[in-house]
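Visitor: I would like to learn how to read a structure like this one, feature by feature. Could you walk me through it?

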Amino acid sequence: SSGLMIYGKKDELVPAENINELNKRLSAQKGINVEFESVTDANHFFSKAGQTLTKVLNKYIKKESALY
């Protein structure tokens with residue numbers, strides 16, 4: 001299974017340590033490839049970071065679509 005985890009660098013609800021731990025745990029599992037992308041000015045709800053979020057999502061979708 002694969003996917004994309006997008007998180008805001010200014011997330012006030014989920015500490016960066018939790019994101020790093022999740023990345024570490026998922027990376028250790030066989031057959032799982034989850035990419036982690038941060039959005040510098042985004043909070044937990046990506047307020048005022050919608051355009052950047054859309055760019056990150058479109059980049060991932062374009063890359064994954066090219067594989068099929």
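**Reading the fold**

Guide: Gladly! The protein chain has two helices and two strands, where helices (H or I, at least four residues) and strands (E, at least two) are DSSP runs numbered from the N terminus. This is a predicted model, in which local features need pLDDT of at least 70, side-chain atom pairs count only at pLDDT 80 or more, and totals for chains, interfaces and linings use all residues. Residues are numbered from 1 along each chain as its sequence is written, and side-chain values use heavy atoms, with hydrogens and water left out.

Visitor: In what order do the elements of the protein chain run from the N terminus on?

Guide: The order is β-α-β-α. As for dimensions, the C-alpha trace spans about 35 × 25 × 15 Å along its principal axes.

Visitor: In what sense do strand 1 and strand 2 pair?

Guide: Two strands pair if DSSP finds at least two bridges between them. Here strand 1 (residues 2–8) and strand 2 (residues 33–39) are joined in the parallel sense over seven bridges. As one position to look at, Ser2 stands opposite Asn33 in strand 2. Between the two strands the chain passes through helix 1 (residues 16–27), giving a right-handed β-α-β crossover. Right-handed means that, with the strands pointing away from the viewer, the path from the first strand over the helix to the second runs clockwise.

Visitor: How should I read burial, and what share of the 68 residues is buried?

Guide: Buried means under 20% relative accessible area, exposed over 50%, and partly exposed in between (1.4 Å probe, protein chains only). In this chain, buried residues make up 24% of the 68 residues. The accessible surface comes to about 5300 Å², and 53% of that belongs to carbon and sulfur atoms; these areas come from the Shrake-Rupley method with a 1.4 Å probe, and for residues only the protein chains shown count as cover.

Visitor: Which residues form the largest nonpolar core?

Guide: The general idea comes first: in soluble globular proteins, nonpolar side chains tend to be buried together. A nonpolar core is a set of buried Ala, Val, Leu, Ile, Met, Phe, Trp, Tyr and Cys residues joined through side-chain atoms within 4.5 Å. The largest one here has six residues: Ile6, Val39, Ala42, Phe46, Ala49 and Val56.

Visitor: Where does Val56 lie, and what is it in contact with beyond its neighbours within four places in sequence?

Guide: Val56 sits in helix 2 (residues 50–66) and is buried, at a relative accessible area of 15%. Contact means heavy atoms within 4.5 Å. Leaving aside neighbours within four places in sequence, Val56 is in contact with Leu4, Ile6, Glu37 and Val39. Val56 and Leu4 are 52 residues apart in sequence, with 9.6 Å between their C-alpha atoms. Ala49, with the same kind of neighbours left aside (those within four places in sequence), is in contact with Val39 and Ala42. Over the whole chain, residues 24 or more positions apart account for 79% of the contacts with a separation of 6 or more.

Visitor: Is Glu64 buried or exposed?

Guide: Glu64, in helix 2, counts as buried, at 18% relative accessibility. Not counting residues up to four places away in sequence, Glu64 touches Ser2 and Glu35.

Visitor: How many salt bridges are there?

Guide: A salt bridge is a side-chain nitrogen of Lys or Arg within 4 Å of a carboxyl oxygen of Asp or Glu. By this rule there are five. One of them links Lys63 and Glu35, whose closest N and O atoms are 2.3 Å apart. Lys63 lies in helix 2 and Glu35 in strand 2, so the pair ties together parts that are 28 residues apart in sequence. Lys63 is partly exposed at 39%, and Glu35 is also partly exposed, at 23% relative accessibility.

Visitor: Which residues do salt bridges with shared partners join into one network?

Guide: Glu21, Lys24 and Arg25 are joined that way. The Glu21 side chain meets Lys24 at 3.8 Å, N to O, and meets Arg25 at 2.8 Å, N to O. Glu21 and Lys24 both lie in helix 1, three residues apart, about one turn of the helix. Glu21 is partly exposed at 31%, while Lys24 is exposed at 54% and Arg25 is exposed at 55%.
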